[in-house]
Amino acid sequence: TTTYEGVPPRVLTVQSHVVAGRVGNRCAELPLNLLGCEADALHTVHFSNHLGFPSHAGRRCADNEVSDLLTGLRSNGLLAGRYRALLTGYIGTRASLEAVVSCAREMRDNKSRGDFDWYLDPVLGDHGRVYVPDDVAECMRREAVPLASVVTPNGFEASVLAGMAMPPSNEGEAFACADAIHAMGPHTVVITSLPNNGGGHAQGSNGESAGYVCLYGSTTMPQDDGLPQRFCIRSPIREGYYTGTGDLFAALLCGHTLQMGYGRVSQACERAAATLQEVLRVTEAVSTSLRNNEPKRDGDAEKAAEARRRELQLVRCRSAIVDPPPPL
C-alpha cells in the first residue's frame with residue numbers, strides 16, 4: 001500500500017508550455033511547489049510565448065506524443081501508484097485527450113478513489129467561442145469529465161459541459177450548471193467566472209453586479225464545521241486582460257485542497273481567489289510602472305510590449321501563494 005505520510009504529494013500536470021510568460025504549466029509548477037507538492041509537467045504545446053502576442057513560434061504536440069510520453073513513464077514504473085493527483089489544462093487533440101483519459105483511469109484503478117483525484121480545467125473556449133476541435137469538446141464531456149473529481153470551467157465552458165444554450169448569468173443558473181456537471185461524475189464543480197451579457201460582470205443572490213466577477217462553487221462532499229456545500233466568492237474586476245488566470249486558479253485550488261482535504265472546499269477556493277487577486281494587483285502595478293517608463297512603440301511592437309507587461313508576477317507574489325491575504 002502506498003503511503004503519503006511525510007512525503008509531498010506528487011501531481012502530474014498536463015498542460016501547454018511557453019518559453020516566455022505565464023500560462024499552462026508555467027502557471028502551475030511554481031504554485032504547486034510552493035504549496036508543498038512535487039509537480040511533474042507534461043507539455044501539450046511548445047510555444048515561444050502565448051497567443052496574446054502578435055506572433056508565436058513552436059508547435060502543438062503531435063497526436064501520438066502525449067501517449068508516447070505516458071508510455072515511457074509507465075514502462076519505468078513512474079505512472080500508476082506514483083501520483084496523488086492529475087491536473088490538466090489545454091489539450092488540443094482528441095488523441096492526446098484520450099491518452100490522458102486512459103492514464104487517469106489507470107491511476108484511479110491502481111489506487112483507492114480517495115488516494116487519487118483528477119483536477120480537470122476543461123479548456124474549451126470563452127466569450128461564446130469554442131477554440132478546440134468539436135471532437136475534443138465531445139471527448140471532454142463524454143470521457144474526461146466523468147472521471148474527474150474536481151472541474152473548474154469558466155462560465156462558457158460550464159454551459160458547454162452542461163449542454164446549456166447560454167452561459168449562466170445568475171446564481172440559480174450557475175448552480176443548475178453545477179448540478180448537471182455533478183450528475184456526470186465530479187464531486188466538486190467550481191465555475192471560475194460568470195460574464196453578464198459579455199460585460200465581464202456577474203450577478204449574485206442580492207442582485208448587485210457592477211464591478212465584480214463571481215466564482216460559484218458546489219461540492220457533494222461533506223463539509224467540516226458547518227461550512228457550505230454551495231457558495232459564491234466575489235472579486236473586483238481588474239482592468240485589462242491577463243492571460244493564465246484560469247490556469248493559476250486551478251493549480252492553487254489543487255494545492256490547497258491537497259493540503260486541506262475536501263471538507264473545506266469553500267476555504268480552499270477563498271484562498272485561491274485571494275492569491276489570484278493579489279497576483280493581479282501586483283501585476284497591474286508592475287505593468288503600469290513599465291508602461292509609464294518605457295517608450296511608446298508602434299503597431300505590433302507595442303502589442304507585444306503590452307502583452308509582456310501583463311505577464312503574471314508569480315515570483316513577486318510567492319509569499320501570497322504560500323500565505324494568501326484575507327479574502328476580499
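These exercises look at cysteines and salt bridges in the structure above.

The model is predicted, so local features need pLDDT of at least 70 and side-chain atom pairs count only at pLDDT 80 or more, while totals for chains, interfaces and linings use all residues. Residues are numbered from 1 along each chain as its sequence is written, and side-chain values use heavy atoms, with hydrogens and water left out.

**Exercise 1.** Find how many disulfides the whole structure holds, and work out why Cys61 and Cys254 form none.

*Solution.*
- Start with the chemistry: a disulfide is a covalent bond between the sulfur atoms of two cysteines.
- The test is a pair of cysteine sulfur atoms within 2.5 Å.
- Searching the whole structure gives zero disulfides.
- For Cys61, the closest cysteine sulfur belongs to Cys103 and is 14 Å away, which is too far for a bond.
- For Cys254, the closest cysteine sulfur is in Cys37, at 5.9 Å, again too far for a bond.
- Now check accessibility, where buried means under 20% relative accessible area, exposed over 50%, and partly exposed in between (1.4 Å probe, protein chains only).
- Cys61 is buried at 5%, and Cys254 is buried at 0%.

**Exercise 2.** Take the salt bridges Glu98 with Arg94 and Arg230 with Asp179, and place each pair in its secondary structure.

*Solution.*
- A salt bridge needs a side-chain nitrogen of Lys or Arg within 4 Å of a carboxyl oxygen of Asp or Glu; the structure holds 22 of them.
- Helices (H or I, at least four residues) and strands (E, at least two) are DSSP runs, numbered from the N terminus.
- Glu98 and Arg94 meet at 2.8 Å, N to O.
- Both lie in helix H3 (residues 94-109), four residues apart, about one turn of the helix.
- Glu98 is partly exposed at 34%, as is Arg94 at 27%.
- In the other pair, the closest N and O atoms of Arg230 and Asp179 are 2.0 Å apart.
- Arg230 sits in strand E11 (residues 230-236) and Asp179 in helix H6 (residues 171-182), so this bridge ties together parts that are 51 residues apart in sequence.
- Arg230 is partly exposed at 36%, and Asp179 is partly exposed at 37%.

**Exercise 3.** Describe the contact of Asp300 with Lys303, then look for a salt-bridge network.

*Solution.*
- The side chains of Asp300 and Lys303 form a salt bridge at 4.0 Å, N to O.
- The two are three residues apart in helix H9 (residues 299-309), separated by about one helical turn.
- Asp300 is partly exposed at 48%, whereas Lys303 is exposed at 54%.
- Salt bridges with shared partners join Arg291, Glu294, Lys296, Arg297, Glu302, Glu306, Arg308, Arg309 and Arg310 into one network.
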